[in-house]
Each structure stands twice: as structure tokens, then as C-alpha cells.
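This report describes one protein model in plain terms. It begins with contacts between charged side chains and then turns to the fold and the surface.

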Amino acid sequence: VYQYLADAYDLEIQSFHLEPDEALDAEALASIESATKEHRPAVMLWEAEPLAETRRTLEDRAIRVVVFDPAANRPSSGDFLDVMRTNVAALRCGGDANLCP
């Protein structure tokens with residue numbers, strides 16, 4: 001979902017097939033742990049807000065959760081650029097609205 005972002009900004013990414021509305025199971029957690037063993041990522045991008053338990057589990061492992069909507073469908077309000085502006089703000093704030101003015 002985010003390969004275009006990685007290509008455009010020369011970012012190293014690792015992809016996981018996780019759904020925001022599903023809890024992390026042992027297999028998913030093991031996959032994340034294995035992939036991030038050598039270094040923790042600064043952020044983990046999600047297409048929508050993950051379950052609160054998922055967010056806590058990742059943040060307990062020093063993985064910051066940022067919702068970055070890929071805008072695959074027409075937004076219910078605004079347009080594509082509005083969605084991207086929201087995404088940039090989320091990245092700027094590190095996924096925590098309390099960190100931004």
C-alpha cells in the first residue's frame with residue numbers, strides 16, 4: 001500500500017498484511033518482532049486507526065503508530081489533497097495529535 005511513498009522519498013519499508021479492525025495474533029506479533037529485531041522502526045503506518053489494544057501493543061514495543069490513509073477510495077468529505085494534508089500532519093506529529101500545535 002505504501003510502496004509509492006517509499007519510492008518517492010527513498011524510504012526503507014517492511015510490509016505486513018495487518019487489518020486495523022483485527023487484533024494482532026501471535027503469528028503477526030512474531031513476524032513484527034522478527035522483522036524489527038535489529039532496529040525498531042520510527043513509525044508503523046496504518047490505513048485506518050488500529051484497535052486500541054494493537055496500538056498499545058506496538059507502542060509498548062517502541063513502535064509509533066501513524067494513520068496514513070492511502071486514499072484508495074473517494075473520501076466522504078473533501079478531496080484527495082485534503083486526505084494527503086491530513087496524512088502529512090499525522091506524520092509531522094508522529095501519530096500523536098498532542099505533539100502538534
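The protein has four salt bridges, a salt bridge being a side-chain nitrogen of Lys or Arg within 4 Å of a carboxyl oxygen of Asp or Glu. This is a predicted model, in which local features need pLDDT of at least 70 and side-chain atom pairs count only at pLDDT 80 or more, while totals for chains, interfaces and linings use all residues. Residues are numbered from 1 along each chain as its sequence is written, and side-chain values use heavy atoms, with hydrogens and water left out.

**Salt bridges**

Among the salt bridges are those in the table.

| Partners | Closest N to O distance |
|---|---|
| Arginine 55 and glutamate 49 | 2.8 Å |
| Glutamate 59 and arginine 55 | 3.0 Å |
| Arginine 85 and aspartate 82 | 3.2 Å |

How accessible are these residues? Three words are used for this: buried means under 20% relative accessible area, exposed means over 50%, and partly exposed lies in between (1.4 Å probe, protein chains only). Arginine 55 is buried, at 17% relative accessible area. Its partner glutamate 49 is partly exposed at 46%, and glutamate 59 is partly exposed at 39%.

Where do glutamate 59 and arginine 55 sit relative to each other? Both belong to helix α3 (residues 52-60), and because they are four residues apart there, about one helical turn separates them. Helices (H or I, at least four residues) and strands (E, at least two) are DSSP runs, numbered from the N terminus.

A similar description applies to helix α4. Arginine 85 and aspartate 82 are three residues apart in this helix, so about one helical turn lies between them. Arginine 85 is exposed, with a relative accessible area of 52%, whereas aspartate 82 is partly exposed at 32%. Glu49, Arg55 and Glu59 are joined into one network by salt bridges that share partners.

**Overall fold**

The secondary structure consists of four helices and two strands. Along the sequence, their order is α-α-β-α-β-α. The radius of gyration is 14 Å, close to the 13 Å that the globule rule gives for 101 residues, so the protein is as compact as a globular protein of that length. Here the radius of gyration is taken over C-alpha atoms, and the globule rule is 2.2 Å times the number of residues to the power 0.38. The C-alpha trace spans about 40 × 30 × 30 Å along its principal axes. Of the 101 residues, 28% are buried.

Valine 66 is one residue to look at in the interior. It lies in strand β2 (residues 64-67) and is buried, with a relative accessible area of 0%. Valine 66 and cysteine 93 are 27 residues apart in sequence, and their C-alpha atoms are 8.8 Å apart in space.

**Backbone angles in two loops**

Most residues other than glycine have a negative phi, and most peptide bonds are trans. Which values does phi take at aspartate 10 and alanine 71? Aspartate 10 has a positive phi of about 50° although it is not a glycine. This residue is in the loop between α1 and α2, and aspartate 10 is exposed at 73% relative accessibility. Alanine 71 has a phi near 55°, again a positive value in a residue other than glycine. It is placed in the loop between β2 and α4 (80-92). Alanine 71 is buried, at 16% relative accessibility.

**Surface patches**

Patches are made of residues with over 30% relative accessible area and no salt bridge; like charges are joined within 9 Å, and nonpolar side chains (Val, Leu, Ile, Met, Phe, Trp, Tyr) within 5 Å. Accessible areas come from the Shrake-Rupley method with a 1.4 Å probe, and for residues only the protein chains shown count as cover.

Tyr9, Leu11 and Ile13 form a nonpolar surface patch, with about 310 Å² of accessible area together. Within this patch, leucine 11 is in the loop between α1 and α2 and is partly exposed at 45% relative accessibility.

Which residues gather in a patch of negative charge on the surface? They are Asp21, Glu22, Asp25, Glu27, Glu47 and Asp69. Lys and Arg count as positive and Asp and Glu as negative, while His and the chain ends are not counted. The place of a charge is taken as NZ of Lys, CZ of Arg, CG of Asp or CD of Glu. Aspartate 21 is in the loop between α1 (3-9) and α2 (26-35), and aspartate 21 is exposed, with a relative accessible area of 59%.
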